[in-house]
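Got your viewer open? Load the model and follow along, one selection at a time.

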Amino acid sequence: MTQIAQVQGVLDASGERARSLQTIYVYEAPVRLWHWVNALAITALCVTGYFIGSPLPSLPGEASQHFLMGYIRFTHFAAGQTLIVFFLLRLYWAFVGNKFSRQLSYLPVWNKTWLWGIFYEFKWYMFLVKDPKKYIGHNPLAHVAMFSFMLFLLFMMASGMALYSEGLGIDSWQHRLFGFMFTLFPNSQDLHTWHHLGMWAIVVFVIVHVYAAVREDILSRQSMISSMVSGERLFRDDLPD
Ligand code: HEM
Ligand code: HEM
């Protein structure tokens, strides 16, 4: 159940109530834990993936004395599998968690107010309107962006596991589950290239996402970053309608 807490504003010099702050519990602990593990895993995957695609110049000395590419690839595969396990846990939480934990599993395209909200938010991000709209969960534009991101992660996980299965062999469970990617991309180099391009799409998402989170925190009269830490959304004036 949504928990609402009211924090009465302090009295200002003239004895008026300065303001009333109101919070709503939105992101439950498993969602927050998933968010930050996901962010760390993706950062590790982008850094190590970049070096898999563009390896450092060769190191001096005996090959047996260092294992640099081995460590880079190991980190990539470990972070990749962490990403997958946490994705599955996040999926499970969408069934048992609160209604906000389910927000990313569908787009309410039948809801006209929500559809208009996408345009409004777009104008808001473009600095074309002055009044921020308040939402308890994600705003409609963020909802579309994050929903698309989750679908995109499915592609990154399936392509990554298919590439991984090349090393494990065609009788591995990884190949049985993800080998279908080679029917879509019969040339393994194509799959490498799309997996690699996917990294740049994710880098763009993360840059826009962090910019939007900081911008909204400052301008939208509702908390953002601290909400992904404490779980509570704080509304600086009124609660949303
Ligand atoms: C690789 C890095 C990151 C990825 C892939 C990522 C992805 C996501 C996703 C998928 C959600 C939706 C969560 C849900 O509803 O279950 C989300 C929410 C959020 N993320 Fe990130 N995130 C990343 C890093 C960050 C960082 C560094 C910050 C802080 C500066 C941040 C701030 C937030 C905030 C504030 C929300 C909630 C937004 C809202 O309430 O509408 N994220 N992120
Ligand atoms: C956000 C997610 C991910 C990103 C950004 C990412 C990024 C990359 C990049 C840039 C490459 C180099 C491709 C090339 O130029 O040949 C790569 C290779 C690879 N990735 Fe990922 N990856 C992700 C997820 C995964 C996952 C979930 C797995 C599964 C374990 C995985 C397994 C692999 C494998 C097996 C290779 C090929 C390694 C090699 O040829 O030595 N990746 N990844």
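A charge sits over a ring if NZ of Lys or CZ of Arg is within 6 Å of the ring centre and within 35 degrees of the ring normal. Keep in mind that you're looking at a predicted model.

With that in hand, select Arg 215 and Trp 124: the charged end of Arg 215 sits over the Trp 124 ring, 5.0 Å from its centre. Now try Arg 90 with Trp 34, where the arginine's charged end is over the ring at 5.3 Å from the centre.

Next stop, the metal. Pick the iron atom of ligand 2 and show its protein donors, NE2 of His 76 and NE2 of His 195, which lie 2.0 to 2.1 Å from the iron. His 76 belongs to helix H2 (residues 68-96) and His 195 to helix H7, so this pair ties together parts 119 residues apart in sequence. What arrangement do the 6 donor atoms around the iron make? Their angles run from 83 to 179°, which makes it octahedral. For six octahedral donors, the ideal angles are 90 or 180 degrees. Switch on a surface if you like: His 76 counts as buried at 13% relative accessibility, and His 195 does too, at 15%.

Last, the aromatics. The structure holds 9 aromatic pairs. Take Tyr 50 and Trp 200: their ring centres are 6.3 Å apart and the planes meet at 85°, so this pair is edge-to-face. Tyr 50 is in helix H1 (residues 29-53) and Trp 200 in helix H7 (residues 188-219), so the contact links parts 150 residues apart in sequence. Both residues are partly exposed, Tyr 50 at 36% relative accessible area and Trp 200 at 41%. Add Phe 51 to the selection and you have one aromatic cluster with Tyr 50 and Trp 200.

Key: Residues are numbered from 1 along each chain as its sequence is written. Chains are lettered from A and ligands numbered from 1 in the order in which they are written. This is a predicted model: local features need pLDDT of at least 70, side-chain atom pairs count only at pLDDT 80 or more; totals for chains, interfaces and linings use all residues. Side-chain values use heavy atoms; hydrogens and water are left out. Rings of Phe, Tyr and Trp (its six-membered ring) pair if their centres lie within 6.5 Å; planes under 30 degrees apart count as stacked, over 60 as edge-to-face and the rest as tilted. Helices (H or I, at least four residues) and strands (E, at least two) are DSSP runs, numbered from the N terminus. Buried means under 20% relative accessible area, exposed over 50%, partly exposed in between (1.4 Å probe, protein chains only). Donors are N, O and S atoms within 2.8 Å of the metal (3.2 Å for Na, K and Ca); water is not among the atoms, so sites may look incomplete. Four donors count as tetrahedral if all angles lie between 85 and 135 degrees; four count as square planar and six as octahedral if opposite donors are over 155 degrees apart and all others between 65 and 115; anything else is irregular.
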